[in-house]
Amino acid sequence: MVLGVAVLVFCAVWLGIRLASQREGAYALVKLDGQVYGRYALDEDQEIDIGSGNHIAIEDGTVRMADADCPDRICVRQGRISAEGALITCMPNRVTVQVQGSAGEDEGAPDAIAY
Ligand SMILES: [Zn+2]
């Protein structure tokens, strides 16, 4: 019984993540050292320096780590992301870039939000 509920919850969460990851995001939420560094609209082409070593670029509704001074450069190789929930992580510099839905209202009903 308990196991059944646990499996059900797991499936619901997994499905939620899947659905979320298939939507196009609206913002890139940048965190540096676990703190929110800034939120940038994906519909506006721009380039942002994060901290001292990371440089992200927003182009055509996608965001990518354009340059980084970390030794592994895994973040740069992750390329462009645009799906809601997608994430670029730069472990050495403790920078994350996550794509979010409109106005940062993750889950819930985006249609109900009035701009
Ligand atoms: Zn990196």
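**View 1. Strand 1 meets strand 7 in this predicted model.** Strand 1 covers residues 27-32 and strand 7 covers residues 95-100. The two run antiparallel and are joined by six bridges. To find your way along this pair, look for Leu29, which stands opposite Gln98 of strand 7. As a reminder, strands of a sheet pair through backbone hydrogen bonds, in either a parallel or an antiparallel way.

**View 2. Strand 7 also pairs with strand 6.** Here we follow strand 6, residues 87-90, which is antiparallel to strand 7 and linked to strand 7 by four bridges. A handy landmark is Thr89, whose bridge partner in strand 7 is Thr96. Together, strand 6 and strand 7 make a hairpin, with four residues between them. In the turn sits Arg94, which has a positive phi of about 55°.

**View 3. An open sheet is built from three strands.** The strand order is 3-4-5, and the pairing is antiparallel. Which strands stand at the edges? They are strand 3 (46-50) and strand 5 (62-68); each has a single partner strand, so one side of each has no neighbour in the sheet. From one strand to the next, the twist averages 25°.

**View 4. A closer look shows how strand 3 and strand 4 pair.** Strand 4 spans residues 54-59, and five bridges connect strand 4 to strand 3 in the antiparallel sense. One residue to pick out is Glu47, whose bridge partner in strand 4 is Ala57. While you are here, keep in mind that in a regular strand the side chains alternate between the two faces of the sheet.

How values were computed:
Residues are numbered from 1 along each chain as its sequence is written. This is a predicted model: local features need pLDDT of at least 70, side-chain atom pairs count only at pLDDT 80 or more; totals for chains, interfaces and linings use all residues. Two strands pair if DSSP finds at least two bridges between them. Axes are lines fitted to C-alpha atoms, for helices over the stretch in contact, and angles run from 0 to 180 degrees between N-to-C directions.
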